[in-house]
Amino acid sequence: MNLTARFPLADSLSGVGEAAAAMLQERRHNFSLPQPFYNDERLFALDMQTIFEKEWLFAGMTCEIPKKGCFLTVNVGNNSVIVVRGDEGSVHAFHNVCRHRGSRLCSQAKGKVAKLVCPYHQWTYELDGQLLFAGTDMGPDFDMSAYGLKPVHVRTGGGFIFICLADEPPELENFQSALDDYLGPHGMDNVKVAAESDIIEKANWKLVIENNRECYHCNGAHPELLNSLYEFDDTDDPRATPEYKQVVERKQSDWEAERIPWQLKRFGKRNRITRTPLVKGTVSMTPDGQQGVRKLMGRLTSPDMGSLRILHLPNSWNHVMGDHAVVFRVIPLGPQETRVTTKWLVNKDAQEGVDYDPESLRKVWDATNDQDRRLAEENQRGVNSIAYEPGPYSETFEFGIIDFVDWYSERMLTHLGQNAPALQVANAQ
């Protein structure tokens, strides 16, 4: 589909929004999106403005900024954000832009500073964003209080850090509270990053998320992962077998006795938390399915905690086990390019080479990430063809994608000022 051919005004920003809204309101429910949503430069820019600049994004983990002055940076399109630890454990987030002439303050992904100092002209900011020094050349009437760093909304929950670039962010408190509850036994304030990977997938971010939201492809693509992971993640899954349901019932009883939260919780279609068993005889996502870190997380006394699966749209999925956690962050780089960052977290007292081998710890998801990269890239190549048209999702195998595309469509229409329920009318036709 050529966007301009169908919508001549789509060369303007407002025209792109009108074209996107029309396509979303007309789309067939349970079908993939029209081609421009996966490869058009203008719709990618709209995604960044209406989704990634309006929604809560997973930025990193609190363990990455353990002490005062520790910071990390996240690039969301053209917007660089600093997340920094301040006084008394506080966490602040700011646009990574000096208020003097706009230079970036921090060019590194992570670091530790006493103050935030612009390398261009040495304007200096406190960790809470207050301007402390601007030299003597600004004149006697210069009001430093008017030139603090521009803040970005930031929230933490269960060790996760979320940022939102919008003036008025959507609700997150209920999900935050659930993260604190479900991750409490894992002691997420007392973990560290044991390994990290950064891969670039030559595919639109939505194809990357869609690939993650189904395991229809897992049996033919992920032998390492399926050594420990069931293809379904709760007993409501229409494919769940009686054997799986029995395993779930038994493990839920064990977790209940240990005061480990496990119940499936949904927060609309954006956020989801559930604890599910791993394949019988395995306790961790390692090559042999056995415990990969000797020191367990938090207050846990058994490695057999299954996988606490956490979904946060638009940019994160996660697995938290008894011995380690694997967290994922998705950041779009272009209409057909996406950065996927994976971090393996372990008890901060675990010693590399003694309690765990980082290379062994990461083998399963390194393999799975590369397999998913190739799948998403082949998907993108096919979508780019003139032969592509939206295809039907399986309600049995791909209900997670249906939920994601519905969420994306609803949020896009809402941010465009359109009547989101119109989507449901179109879906019913």
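**Close-ups of a predicted model**

**View A. A loop residue with an unusual backbone angle.** E88 sits in the loop that links β3 (79–85) to β4 (91–95). Like everything shown in these views, this loop belongs to a predicted model. Most residues other than glycine have a negative phi. E88 goes the other way: its phi is positive, near 55°, and it isn't a glycine. Is E88 buried or exposed? Its relative accessibility is 85%, and exposed means over 50%, so E88 counts as exposed.

**View B. Another loop, another positive phi.** Here we look at Q122, which lies in the loop between β6 (116–117) and β7 (124–125). Q122 is not a glycine, yet its phi is positive, at about 65°. With a relative accessible area of 40%, Q122 is partly exposed.

**View C. The stretch that UniProt labels.** An unreviewed UniProt entry lists residues 56–163 as "domain: Rieske". How much of residues 56–163 is helix, and how much is strand? The chain there is 0% helix and 40% strand. Try finding the two ends of this stretch: their C-alpha atoms are 6 Å apart.

**View D. A cis peptide bond between two strands.** Most peptide bonds are trans. The one joining L313 and P314 is cis, with omega at about 15°. To find P314, look in the loop between β14 and β15. Those strands, β14 (307–312) and β15 (316–320), each supply at least two residues of the lining of the largest pocket, which comes next.

**View E. The largest pocket.** Rolling a probe the size of a water molecule over the atoms shows where empty space is left. In the largest pocket, that space comes to about 640 Å³. Which residues lie nearest its centre? They are N212, R213, E214, D233 and R309, out of 41 residues that line the pocket. Elements that each give at least two lining residues include α6 (205–212), β13 (271–276), α9 (358–383) and α10 (399–415). Sorted by class, the lining has 15 nonpolar, 11 polar and 15 charged residues.

**View F. The second largest pocket, between two domains.** This pocket has a volume of about 500 Å³. Its lining is made of 29 residues, and V74, N75, R329, I331 and R339 are the ones nearest the centre. Two or more lining residues come from each of α4 (41–52), β2 (70–76), β11 (191–201), β16 (325–334) and β17 (337–347). The largest share, 5 residues, is from β2. By class, the count is 11 nonpolar, 9 polar and 9 charged. Why does the second largest pocket lie between domain 1 (56–157) and domain 2 (190–384)? Because both domains give residues to its lining.

**View G. Helix α10, from end to end.** We already met α10 as a contributor to the lining of the largest pocket. α10 has 17 residues, so at 1.5 Å a residue it should span 24 Å; its end C-alpha atoms are 24 Å apart, which agrees. Buried means under 20% relative accessible area. By that cut-off, 12 of the 17 residues of α10 are buried, so the helix is largely enclosed by the rest of the structure. Among the buried ones are the aromatic-named pair to look for, F404 and W407, along with D406 and R411. Just past the end of α10, G417 has a positive phi of about 80°.

Key. Residues numbered from 1 in each chain as written. Predicted model: local features only at pLDDT ≥ 70, side-chain atom pairs only at ≥ 80, totals over all residues. Heavy atoms only, no water. 1 Å grid on protein atoms, 1.4 Å probe; cavity = no way out; pocket = protein on both sides within 12 Å on 5 of 7 lines; lining within 4 Å. Points joined across faces, edges and corners; volume = space filled by probe spheres on them. Helix = DSSP H or I, 4+ residues; strand = E, 2+ residues; numbered from the N terminus. Nonpolar A, V, L, I, M, F, W, Y, C, P; charged D, E, K, R; others polar. Domains from an automatic or database assignment. Expected span 1.5 Å × (residues − 1). Buried < 20%, exposed > 50% of the residue type's maximum accessible area, 1.4 Å probe, protein only. UniProt positions renumbered as here; feature names shortened; annotations may be inferred.
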